[in-house]
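User: I should like to learn how to read the features of a protein model one at a time. Could we begin with the way strands are assembled into sheets?

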Amino acid sequence: MDKIQDILMELAEGFGYTFALFAVTLLFALPLGLLFAFASMSKFKPLKWFMKTLIWVIRGTPLMLQILFMSFLPRYVFQSTTKAWAAALSISINDMMFLFVVLAFVLNYACYFSEIYRAGIEAIPVGQYEAGKVLGLSKNQIFSKIVLMQVIRRILPPMSNEIITLVKDTSLAQVLGVVDLLNAAKHAVNHYVILTPFIYATIFYLLFNGLLTLLLGWAEKKLSYYKV
Amino acid sequence: MAFLEVKDLYKNFGETAVLKGVSFAMERGEVVSVIGSSGNGKTTLLRCLNLLETADSGSISVDGETVFPLSKTKDKSDSAQQRLTFGMVFQNFNLFPQYTALQNVTLAMDVQAKKTLTSKNPFSPERRRALKELREKNEAEARQLLARVGLENKVDNYPCELSGGQQQRVAIARALALSPDILCFDEPTSALDPELTGEVLKVIKQLRNEGRTMIIVTHELEFARNVSDKIIFMADGVIEETGTPQELFDSPKSEKTRAFFEKLSEKVTEDDN
Ligand SMILES: Nc1ncnc2c1ncn2[C@@H]1O[C@H](COP(=O)(O)OP(=O)(O)O)[C@@H](O)[C@H]1O
Ligand SMILES: [Mg+2]
């Protein structure tokens with residue numbers, strides 16, 4: 001009985017990291033993605049091409065590679081060490097590793113989100129902008145009062161897919177030794193020599209994704225009070 | 001000097017010359033219809049008037065004030081303001097789908113009203129009270145406008161819940177909301193099923209009776225004849241002929257105008273057969 005409690009405690013702790021990675025990635029990647037989208041549609045060609053190249057590289061390579069790349073930054077690019085960086089930020093080495101993972105995730109997901117934003121923005125008929133213009137609205141007012149709501153509505157289904165994928169991608173954090181839900185389950189399986197931790201982990205993931213699916217489905221329904 | 005004076009407008013899209021020196025004038029309260037086959041620059045002319053397109057050269061003045069070209073000293077917000085000189089009703093309505101009929105009409109009114117507030121601090125209770133009052137006033141006005149186009153029962157409906165004719169009437173109310181000096185229509189009934197054109201044309205006729213200044217691009221020749229003080233026939237990027245409806249329809253002078261009417265009547269007889 002005690003064993004189950006111990007395992008569940010370990011898994012819950014792992015889930016803490018999983019959830020933190022998930023939440024922080026969303027929190028930063030959602031706005032950063034919009035910024036990336038604007039940059040990739042910029043009339044200023046160098047910015048546009050820089051952004052397009054970055055998005056191409058990030059989307060064309062494994063997320064795991066990007067996480068590893070982040071962790072090698074201090075040594076190979078800045079001629080420093082992870083330890084020194086952690087000390088400079090006065091956090092533990094483990095937290096520093098977690099930070100590398102977060103950076104890679106935010107960058108990666110911002111690139112994916114930016115493509116969704118871009119598709120959503122480009123799908124808005126030009127007539128919507130023109131109607132706003134002839135009504136004397138400024139560019140910003142047209143975006144905030146007319147375009148944005150329509151974009152959000154259009155992109156919610158593909159965003160939902162990415163968000164569900166993000167939940168599962170969090171398990172990649174273990175390449176830098178972060179003890180996320182899956183890693184915690186793996187440790188427990190090895191330590192107690194039973195398979196049940198994997199089943200518990202499965203239930204954790206499914207519950208979390210189920211909740212998200214409900215939430216996103218509700219939002220989608222809320223927003224589809226009109227047809228486009 | 002006439003109320004609206006358009007002088008020598010030129011507009012190219014890349015290599016194609018679309019407007020090749022368009023000049024005309026109209027008085028306040030007049031209704032002018034622009035006719036001609038498609039591809040002859042009618043839409044482009046309207047878009048140059050309300051500054052959705054920038055003409056390459058020429059000038060536009062309303063009530064003695066130059067609307068185009070914009071003087072260099074004026075900034076961008078002025079050009080946004082300038083647009084309110086002209087109202088625009090689009091061929092395919094371009095209503096905002098996420099807003100109700102009422103919200104479609106009040107949106108721009110509220111934005112304009114906000115500019116008149118003296119206090120800029122968004123937290124000042126004074127400003128919020130003033131804003132609330134303005135919003136209520138705008139809403140009442142918008143309801144009246146929607147009633148005038150016969151949609152008092154549809155104020156809370158979304159565009160997707162309205163027929164094409166009803167949507168176009170909301171679009172007319174939305175354009176009227178900012179009391180533009182001149183209201184432009186670009187083929188307001190072309191996207192409608194034939195049985196729905198009548199209700200829109202009726203509203204435009206009613207606006208004429210109220211003395212609105214209007215420029216109407218249309219293929220409804222019978223309607224144009226009834227509602228207009230003046231007809232402009234455009235061909236190949238220029239005004240080929242202009243005159244009263246009687247002059248233009250009953251005794252067209254230009255060869256091209258005659259050919260245009262002949263082709264249309266042929267089409268009508270073909271359709272009848
Ligand atoms: N944005 C644009 N870019 C390139 N060509 C255009 C554009 N808008 C209109 N044109 C061309 O200009 C010509 C006149 O178009 P338009 O003003 O829409 O005519 P109308 O309204 O009389 O049918 C057409 O040949 C059309 O293809
Ligand atoms: Mg046209």
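Analyst: Two strands count as paired if DSSP finds at least two bridges between them. The model shown here is predicted. In chain B, strand 3 (residues 31–35) and strand 8 (residues 214–217) run parallel and are joined by 4 bridges. Within this pairing, B:Val34 stands opposite B:Val217 in strand 8 of chain B.

User: In what order do the strands of the open sheet of 6 strands in chain B lie?

Analyst: The order is 6-7-8-3-9-10, and the pairing is mixed. At the edges are strand 6 (86–89) and strand 10 (238–243) of chain B, each of which pairs on one side only. On average, neighbouring strands of this sheet are turned by 20° against each other, with direction ignored.

User: How many bridges join strand 9 of chain B to strand 10 of chain B, and in which sense do these strands run, parallel or antiparallel?

Analyst: Strand 9 (residues 230–235) of chain B runs antiparallel to strand 10 of chain B, and 5 bridges join them. B:Ile231 stands opposite B:Gly243 in strand 10 of chain B. The two strands form a hairpin with 2 residues between them, and B:Asp236 in the turn has a positive phi of about 55°.

User: What is the order of the open sheet of 4 strands in chain B?

Analyst: That sheet has the order 2-1-4-5, with antiparallel pairing. Its edge strands are strand 2 (16–26) and strand 5 (65–68) of chain B, each pairing on one side only. Neighbouring strands here are turned by 30° against each other on average, direction ignored. Strand 4 (residues 57–62) of chain B pairs with strand 5 of chain B in the antiparallel sense over 3 bridges. In that pair, B:Ser61 stands opposite B:Thr66 in strand 5 of chain B.

User: Which backbone values deserve a second look when one reads the loops?

Analyst: Most residues other than glycine have a negative phi, and most peptide bonds are trans. Against that background, B:Asp63 has a positive phi of about 55° although it is not a glycine. B:Asp63 lies in the loop between strand 4 and strand 5 of chain B. B:Glu187, also a residue other than glycine, has a positive phi near 45°. Its place is in the loop between strand 7 (182–186) and helix 6 (194–209) of chain B.

User: Which residues does a cis peptide bond join?

Analyst: The cis peptide bond joins B:Phe68 and B:Pro69, with omega about -5°. B:Pro69 is in the loop between strand 5 and helix 2 (76–82) of chain B.

User: How should one read the surroundings of a ligand, and which residues are around ligand 1?

Analyst: One may begin with the neighbouring residues and then turn to the polar contacts. Around ligand 1 are B:Phe13, B:Val18, B:Ser37, B:Ser38, B:Gly39, B:Asn40, B:Gly41, B:Lys42, B:Thr43 and B:Thr44. The largest share of this shell, 3 residues, comes from helix 1 (residues 42–49) of chain B.

User: Which atoms of B:Gly41, B:Lys42 and B:Thr43 lie by oxygen atoms of ligand 1?

Analyst: For B:Gly41, a backbone N or O atom lies 3.1 Å from an oxygen atom of ligand 1. For B:Lys42, an N or O atom in the side chain is 2.8 Å from an oxygen atom of the ligand. For B:Thr43, a polar side-chain atom lies 2.6 Å from a ligand oxygen atom. Taken alone, ligand 1 exposes 560 Å², and the protein buries 57% of that.

User: Turning to chain A, how many helices and strands does its secondary structure comprise?

Analyst: Chain A comes to 9 helices and 0 strands. Its pattern along the sequence is accordingly written α-α-α-α-α-α-α-α-α. Along its principal axes, the C-alpha trace of chain A spans about 70 × 45 × 30 Å.

User: How does one recognise a helix that is not straight?

Analyst: One compares the span of a straight helix with the span in the model. A straight helix of 31 residues would span 45 Å at 1.5 Å a residue, whereas helix 7 (residues 139–169) of chain A spans only 37 Å between its end C-alpha atoms. Helix 7 of chain A bends by about 50° at A:Val147.

Methods. Residues numbered from 1 in each chain as written. Chains lettered and ligands numbered in written order. Predicted model: local features only at pLDDT ≥ 70, side-chain atom pairs only at ≥ 80, totals over all residues. Heavy atoms only, no water. Axes fitted to C-alpha atoms, helices over the stretch in contact; angles between N-to-C directions. Expected span 1.5 Å × (residues − 1). Bend = angle between axes of the 7 residues up to and from the residue. Near = heavy atom within 4 Å. Polar contact = N/O pair within 3.5 Å; in protein donor to acceptor, adjacent residues only side chain to side chain. Areas by Shrake-Rupley, 256 points an atom, 1.4 Å probe, with all protein chains shown as cover.
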